[in-house]
Amino acid sequence: MKNLLLLIAMLFFADASMAQTDSIYAWNKWCAKADSPVLFATANNLVQLTCKTIKAADLTVKSLDYGLMISQPEIKNDTMSFMAMPYPKKSKRMRLTVTNKHTGKMIRTINFTCEEPPQPIARLGNLKGPDVPKKDILAQNTLRVVFLNSLYSYPYYIKQYTLKARIAGKDIVIPVKGNKITKEVMNVLEIAPTGVSLDFTDIKASCPDCSPRDLPNMRIWVR
């Protein structure tokens, strides 16, 4: 009977421990896939952490490896947030432990991976290829910043661009402040015949805490 009670108790505490571990949710705010523990080298990483069973203020986090540095956590409501800086050259392992501040019990170890984000580029709306039907070009209303083949999703935005085109033997140059397709630009897109190239140049992008940066020129052929 004692053995049976001991087994039941062990199973109970094992289930409780597992439930507590499963209740920890951690993610990189600037990763497009929320359940993917990916950090981006030389980029912004804001790790956010919540727990269903323990208040965020009752948790502590600690890096176990030289390949991961973290800032002092901040607590807002039920969420803990901190900057994470990966250094893959120092260590391939990037482990973070989550501990109950009062009991000292480790609740979970999170294993992060690291990727190098590609350079940002500009896109006209949701267009992807260089040769685009005119009706699809006319359906777009902004220029946006993307990181090709990457989950990195830091909020960069277009600050300015210039549209250049040559139509009916006339060179057209339209500088634009902001990311919108202005009425003047739309007029050019509407009259552009098949086979004409639309060149977006002098593209500058920025983000909430960085200086403007130049993006590569973008050329679209009207099909």
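Okay, the largest nonpolar core: in this predicted model that core has 40 residues, and the ones touching the most other members are Leu-124, Ile-137, Ile-158, Tyr-161, Leu-198 and Phe-200. Who feeds into it? Quite a list: the strands β2 (38-40), β11 (121-124), β13 (143-146), β14 (157-167), β15 (170-177), β16 (197-207) and β18 (218-222), plus helix α3 (183-191), each put in at least two residues.

Take Ile-137 as a way in. Skip its neighbours within four places in sequence, and Ile-137 is still in contact with Leu-124, Leu-127, Val-132, Leu-189, Leu-198, Ile-220 and Val-222. Apart from this core there's another one, with 19 residues, including Leu-39, Leu-59, Leu-68 and Met-80.

Next, a sheet. It's an open one with three strands, running β4-β8-β9, and the pairing is antiparallel. At the edges you've got β4 (59-63) and β9 (106-111), each with pairing on one side only. From one strand to the next, the twist averages 20°. If you zoom in on β8, residues 95-100, you'll find five bridges to β9, and Thr-99 sits opposite Met-106 of β9.

Last thing, confidence. The protein averages a pLDDT of 90, with 90% of residues scoring at least 70. By element, β15 has the highest mean at 98, while helix α1, residues 2-22, has the lowest at 40. For residues 2-21 the pLDDT is below 50, and that stretch makes six contacts in the model beyond near neighbours in sequence. Where pLDDT is low, the coordinates shouldn't be read in detail, so please don't over-read that part.

Terms used:
Residues are numbered from 1 along each chain as its sequence is written. This is a predicted model: local features need pLDDT of at least 70, side-chain atom pairs count only at pLDDT 80 or more; totals for chains, interfaces and linings use all residues. Side-chain values use heavy atoms; hydrogens and water are left out. A nonpolar core is a set of buried Ala, Val, Leu, Ile, Met, Phe, Trp, Tyr and Cys residues joined through side-chain atoms within 4.5 Å. Buried means under 20% relative accessible area, exposed over 50%, partly exposed in between (1.4 Å probe, protein chains only). Helices (H or I, at least four residues) and strands (E, at least two) are DSSP runs, numbered from the N terminus. Contact means heavy atoms within 4.5 Å. pLDDT is the predictor's confidence in each residue, from 0 to 100. Two strands pair if DSSP finds at least two bridges between them. Axes are lines fitted to C-alpha atoms, for helices over the stretch in contact, and angles run from 0 to 180 degrees between N-to-C directions.
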